[in-house]
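Hi everyone, thanks for having me. I'll walk you through one protein chain today, starting with the whole and then stopping at a few residues.

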Amino acid sequence: MPFKPITTAIAGYGAAGEFFHAPFIASLPEFQLTTVLERHKEQSKVKFPEVRVVKSFSELVHDQELELIVITTPNEFHFSMAKEAMENGKHVVVDKPMTVTSSEAEELIRVSRETGKLLTVYQNRRLDAGFLTVKKIKEENGFGKIRHYEAHFDRYRPAIKDSWREKQTPGGGLLYDLGVHLLDQTIYLWGKPQAVTARIERQRPEAVVDDFFEITLQYNGFKAIVTAGMLVEEKQPQLYVEGAKMTYFRFDLDPQEAALKKGLFPKDEAWEKETVPGPGFIRTTDCAESVYPTERGNYPYFYKNLARGIREGGELLVKPEEAWFVIRLIELARISSEEKRTIELSNV
């Protein structure tokens, strides 16, 4: 039986709020977008003329009608906002990363347990087309024993953007941006690694925060390498999984992001057409190479899963404890890079 829509607010209406959250909240009958926090503009009213725009976070948390607050502000505000929201009786979605430090993440988990309010993190890349394909092959034991895993998120952008992500702010830099996705995917697939070795750099002359990383996670019998950079001109496989039975690789990113940035919503007729992923490739033990069909990406599932969690107590796709581990791993990767050593994770 259909349940009452979850009254929802978005705190922050930059690219994350406009393109990665609002389209799903507005497209799914399980939610009702009622309020948006925009301190200086009312940009949300262009697409959502019926929403109420507020200028302070206090107005959101003290709105008795709201059940869920989605936090899409710069990373340094995630902790304080999520904590205040839960303490005032709201469920919370935090855009990744959960927090800037693992101690902040621990505190949010404690508050969530004490208040009984759900806390989850928008790790939408678990629902990328290529990643879902790798997950399916793994679950079917199509790879056999894993020999090597590699995930890239490379760009060629020599110029520094005027963005908080590229400034010396808490949670700025590429590792807290794309690294969070790649580490989360890797841990979700293969579990907790045994050790981490990292190289984190500023490669562009004007960069003031990290714009390159290569992190090696040691597993039993194989290594998982996650890497991203802003000066990568040559296209490389975005995903590469080598197994005893089969190797899978894929170059293209999931088309859902491009569709969202075009302004499409999942409820639009064009969504299905625009989000058809291209194929990946497999190589068998006899070196024969062929095209391999790609699973459909499914970003809307994050919010469908959340609705069940709020209304029916269903298990969350992204648990806050998983998000905590990613932040802790980032902290240890930084130490590894600074001290040029491998860090064992047996006590983490």
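So, charges to begin with: this protein chain carries 47 positive and 52 negative side chains. Where do the centres of the two sets lie? They sit 1 Å apart. And keep in mind, please, that what you're looking at is a predicted model.

Now the overall build. The protein chain has eleven helices and 15 strands. Its radius of gyration is 20 Å, close to the 20 Å that the globule rule gives for 348 residues, so the chain is as compact as a globular protein of that length. If you'd like a box around the C-alpha atoms, make it roughly 60 × 45 × 40 Å along the principal axes.

How much of the chain is buried? Buried residues make up 55% of the 348. The protein chain exposes about 15,600 Å², and carbon and sulfur atoms supply 49% of that. As for contacts, take the ones with a separation of 6 or more: residues 24 or more positions apart account for 70% of them.

Okay, let's zoom in. First stop is phenylalanine 31, in strand β2, which covers residues 31-37. Is it buried or exposed? With a relative accessible area of 6%, phenylalanine 31 falls under the 20% cut-off, so we call it buried. Look at threonine 7 as well: it's 24 residues away along the chain, yet the two C-alpha atoms are separated by 6.2 Å. Leaving out residues up to four places away in sequence, phenylalanine 31 touches Pro5, Ile6, Thr8, Ile25, Leu68, Tyr303, Leu306 and Ala307.

Next stop, threonine 227. You'll find it in strand β10, residues 222-229. Threonine 227 is buried too, because its relative accessible area is 5%. A polar atom of its side chain lies 2.8 Å from the backbone oxygen of phenylalanine 213. Phenylalanine 213 also turns up among the residues that threonine 227 touches, and so do Ala151, His152, Phe153 and Asp154.

From there, let's visit a pair that sits in loops. Aspartate 211 is in the loop between β8 (195-201) and β9 (212-219). Methionine 230 is in the loop between β10 and β11 (239-243). You might guess that a loop residue would be out in the open, but aspartate 211 has a relative accessible area of 2%, so it counts as buried. Methionine 230, at 5%, is buried as well.

And what does aspartate 211 contact, once its neighbours within four places in sequence are set aside? The list is Leu174, Glu201, Arg202, Gln203, Arg204, Ala228, Gly229 and Met230. So there's our methionine, and from its own side methionine 230 touches Asp211, along with Arg155, Tyr156, Arg157, Pro158, Leu174 and Arg204. Notice that Leu174 and Arg204 are on the contact list of aspartate 211 and on that of methionine 230. Which distance should you jot down for methionine 230 and arginine 155? They are 75 residues apart in sequence and 4.8 Å apart in space, C-alpha to C-alpha.

Let's swing over to a helix. Arginine 334 is in helix α11, residues 320-339. Its relative accessibility is 25%, so it counts as partly exposed. Setting aside neighbours within four places in sequence, it's in contact with Gly172, Leu175, Tyr176, Ile200 and Asp210. Leucine 175 is 159 residues away in sequence, and the two C-alpha atoms are 9.4 Å apart.

Last topic: backbone oddities. Most residues other than glycine have a negative phi, and most peptide bonds are trans. Now for some exceptions. The peptide bond from lysine 96 to proline 97 is cis, with omega near -5°. Proline 97 lies in the loop between β5 (91-95) and α5 (102-115).

Then there's cysteine 287, with a positive phi near 70°. It's in the loop between β13 (280-284) and β14 (289-292), and at 60% relative accessible area it's exposed. Lysine 340 has a positive phi as well, near 55°. That residue is in the loop between α11 and β15 (343-344), and it's exposed, with a relative accessible area of 74%.

That's my tour, so over to you for questions.

Key:
Residues are numbered from 1 along each chain as its sequence is written. This is a predicted model: local features need pLDDT of at least 70, side-chain atom pairs count only at pLDDT 80 or more; totals for chains, interfaces and linings use all residues. Side-chain values use heavy atoms; hydrogens and water are left out. Helices (H or I, at least four residues) and strands (E, at least two) are DSSP runs, numbered from the N terminus. Buried means under 20% relative accessible area, exposed over 50%, partly exposed in between (1.4 Å probe, protein chains only). Contact means heavy atoms within 4.5 Å. The radius of gyration is taken over C-alpha atoms; the globule rule is 2.2 Å times the number of residues to the power 0.38. Accessible areas come from the Shrake-Rupley method with a 1.4 Å probe; for residues, only the protein chains shown count as cover. Lys and Arg count as positive and Asp and Glu as negative; His and the chain ends are not counted. The place of a charge is taken as NZ of Lys, CZ of Arg, CG of Asp or CD of Glu. A polar contact is a pair of N or O atoms within 3.5 Å; within protein, one must be able to donate a hydrogen and the other to accept it, and residues adjacent in sequence count only if both atoms are side-chain atoms.
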